[in-house]
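Q: Could you take me through one helix of this protein in close detail, and then show me the parts of the protein around it? I'm in my first year, so please explain each term as you go.

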Amino acid sequence: MITTAALVVALAAPAFTGQTPRNEQVAVFAGGCFWGVEAVFEHVKGVIRVTSGYAGGRVASPSYEDVSSGDTGHAESVEVVFDASEVSYGTLLRIFFSVAHDPTQLDRQGPDVGTQYRSAIFYVNEQQHRDAQVYVKQLTDAKYFAQPIVTEISRLDKFYPAEDYHQDFAEKHPLHPYIVINDRPKVARLKQQFPELYRERNSTSD
């Protein structure tokens, strides 16, 4: 006879935990000032973390001042780390095009003008490349926008995180005039158009 105590020693822990394994993937988007794009994706269920930074340029480790000059070729971008078992890359594309920015504005976004504020998707693999191309064609064929989509689709060579003071800027400074005028409406549209994906976050300052 095997005693209960012996069972505790002999039986291995279950290999199956009952939880769906996390499928962590990365997407990189540019759509104007990174504060607002970051704020939108931070409110999406299934997104693990969002980092503001720079992509698509020619200079290694650029500073905010370097990128703001428009001479480095970088775009203000966000790196979105997401759990693909909860939210798909296709859904992130839909949010990017519908609420995070206006993909018909060439080298600008709202009050910000310059190539550093361009609309861009920086793909990390060929599947993302194909998905982005197909989706842009789908939106174009459906005439979803009155003006042509000007979003650049390029391979990601390197993503450089921005300075610390740019990270979570909208969350830390909700009363900043730029945030109130330009970025809060984006988050509000996310909540309105994608209620099943929206999640609240708590502000940490002002």
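**A close look at helix α7**

A: Helix α7 covers residues 177-193, which is 17 residues, and from its first C-alpha to its last it reaches 24 Å, close to the 24 Å expected at 1.5 Å a residue. That expected span is 1.5 Å times one less than the number of residues in the helix. Helices and strands here are DSSP runs numbered from the N terminus: a helix is H or I with at least four residues, and a strand is E with at least two.

Before going on, please keep in mind that this is a predicted model, where local features need pLDDT of at least 70 and side-chain atom pairs count only at pLDDT 80 or more, while totals for chains, interfaces and linings use all residues. Residues are numbered from 1 along each chain as its sequence is written, and side-chain values use heavy atoms, with hydrogens and water left out.

Now follow α7 along to D183, where there is a kink of about 45°, shortly before the proline P185. The bend at a residue is the angle between two fitted axes, one for the seven residues ending there and one for the seven starting there.

Which residues of α7 are buried? They are Y178, I179, D183, K186, V187 and L190. Buried means under 20% relative accessible area, exposed means over 50%, and partly exposed is in between, using a 1.4 Å probe and protein chains only. D183, then, marks the kink and is also on the buried list. The cover over these buried residues includes β1 (24-31), α2 (34-42), α4 (89-100), β5 (112-113) and α6 (169-172).

Two of those covering elements, β1 and α4, are worth a visit for their aromatic rings. Rings of Phe, Tyr and Trp (its six-membered ring) pair if their centres lie within 6.5 Å; planes under 30 degrees apart count as stacked, over 60 as edge-to-face, and the rest as tilted. By this rule the protein has 10 aromatic pairs. In one of them, F29 and Y89, the ring centres are 6.2 Å apart and the planes sit at 15°, so the pair is stacked. F29 belongs to strand β1 and Y89 to helix α4, so this pair ties together parts that are 60 residues apart in sequence. F29 is buried, at a relative accessible area of 0%, and Y89 counts as buried too, at 7%.

F29 has another stacked partner, F96: their ring centres are 4.8 Å apart with planes at 25°. Since F96 lies in α4 and F29 in β1, this pair ties together parts 67 residues apart in sequence. F96 is buried, with a relative accessible area of 0%. Together, F29, F41, Y89, F96, F97 and Y135 form one aromatic cluster.

Next, step back to the nonpolar core. A nonpolar core is a set of buried Ala, Val, Leu, Ile, Met, Phe, Trp, Tyr and Cys residues joined through side-chain atoms within 4.5 Å. The largest one has 43 residues, and F29, F41, V80, L92, I95 and F97 touch the most other members. Our helix α7 takes part: along with β1, α2, β2 (47-55), β3 (75-83), α4, α5 (126-141) and α6, it supplies at least two residues of this core. The element that gives the most is α4, with eight residues.

F97 has contacts, meaning heavy atoms within 4.5 Å, with P103, I121, Y135, V136, L139, F145, I149 and T151, leaving aside neighbours within four places in sequence. Apart from the largest core lies another core, of eight residues, among them V28, A30, A55 and F122. A55 is found in strand β2 and counts as buried, at 0% relative accessibility. Its C-alpha atom is separated by 8.2 Å from that of A30, 25 residues away along the chain.

Finally, the whole protein: it has seven helices and eight strands. Of its 206 residues, 44% count as buried. Among contacts between residues at least 6 apart in sequence, 78% join residues at least 24 apart.
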